[in-house]
Amino acid sequence: MTEVPIATPREAFEMLLAGNRRFVAGSPEHPNQDAARRTEIAPAQSPFAVLFGCSDSRLAAEIIFDRGLGDLFVVRTAGHVMGPEVLGSIEYGVSMLGSPLVVVLGHDACGAVAATRAAVADGTTAGGYVRDVVEKVTPSVLAARAAGHTEDADFIAEHIRHTVDLLLERSRALADAVEAGRVAVVGLSYRLADGTAHLVTARGLDLPLGSAA
């Protein structure tokens, strides 16, 4: 199944939402997953979205958004924490591959956020390089606590918003693309039990927050 190239951030976002609705309804189309598509994109790729998500094994992007080969440029780390390599990968997807949409994908019951909440509450530190993950999630947890939040969903949403803000603060290339209207950055929160992705924040798109994908 070959798609018409995506021209705008809005079209890319709507295509992503449509795929999630099919997944939730149990009627996936599995587009762009055949031999013809494999041959078609072998010379080059033009993904319609860059997806920066948590490494959680229950968050397989092409499955939950019902997409296929060449559709998504996926970057994943535990707790969707970022460093130079992540920023470079996202900038590559936008600047070199022409993706008009960047998605930050968090989810409920996130182990990285839970571990950070426990570390902040108990004053403990994780061992090894897990400590780096906890340290990068800590600002989000502190902001949620300062706002008086106690529910898991609120901590997850705060971390997603913080990640989107941090992306635009650290990447001049991405911020310029959003300002020019070429790219949008959205934050989605995925619910493990029912498979729905809900909008938390959007930059470059005028969208009602909290809507389900």
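This is a short tour of a predicted model, with stops at a sheet, a helix, a loop and a pocket.

**Stop 1: the sheet**

Start by colouring the strands. You should find an open sheet of five strands, ordered β2-β1-β3-β4-β5, in which the pairing is mixed. Now select residues 72–77, which form β2, and 197–203, which form β5. These two strands stand at the edges, and each has a single partner strand, so one side of each is left without a neighbour in the sheet. Turn the view to look across the strands: on average, neighbours in this sheet are turned by 20° against each other, direction ignored.

**Stop 2: a helix on the sheet**

Next, select residues 84–96, which make up helix α4. This helix packs on the sheet and touches β1 (49–54), β2 and β3 (101–107). Compare the direction of α4 with that of β2, and you will find an angle of about 170° between them.

**Stop 3: the β4 and β5 pair**

Move along to β4, residues 184–190. Its pairing with β5 is antiparallel and runs over six bridges. To see one particular pairing, pick L188 and look across to β5, where its bridge partner is L199.

**Stop 4: a loop with positive phi angles**

Now go to the loop between α1 (9–25) and α2 (35–41), and pick H30 there. Although H30 is not a glycine, its phi is positive, at about 50°. Then pick N32, which is found in the loop between α1 and α2 as well. Here too phi is positive in a residue other than glycine, with a value near 55°. Is N32 buried or exposed? Its relative accessibility is 1%, and because buried means under 20%, N32 counts as buried.

**Stop 5: the second largest pocket**

For the last stop, select A153, S189, R191, H198 and V200, the residues that lie nearest the centre of the second largest pocket. The lining has 13 residues in total, and the space inside is about 190 Å³. Which elements each supply at least two residues of this lining? They are α7 (152–170), together with β4 and β5, the strands from the third stop. Show α7 as sticks, since this helix gives the most to the lining, with five residues. Finally, colour the lining by residue type: six residues are nonpolar, three are polar and four are charged.

Notes. Residues are numbered from 1 along each chain as its sequence is written. This is a predicted model: local features need pLDDT of at least 70, side-chain atom pairs count only at pLDDT 80 or more; totals for chains, interfaces and linings use all residues. Side-chain values use heavy atoms; hydrogens and water are left out. Two strands pair if DSSP finds at least two bridges between them. Helices (H or I, at least four residues) and strands (E, at least two) are DSSP runs, numbered from the N terminus. Axes are lines fitted to C-alpha atoms, for helices over the stretch in contact, and angles run from 0 to 180 degrees between N-to-C directions. Contact means heavy atoms within 4.5 Å. Buried means under 20% relative accessible area, exposed over 50%, partly exposed in between (1.4 Å probe, protein chains only). On a 1 Å grid over the protein atoms alone, a cavity is a set of points where a 1.4 Å probe fits but cannot get out, and a pocket is an open set with protein on both sides within 12 Å along at least five of seven lines; lining residues have an atom within 4 Å of a point. Grid points are joined across faces, edges and corners, and a volume is the space filled by probe spheres set on the points. Ala, Val, Leu, Ile, Met, Phe, Trp, Tyr, Cys and Pro count as nonpolar, Asp, Glu, Lys and Arg as charged, and the others, Gly among them, as polar.
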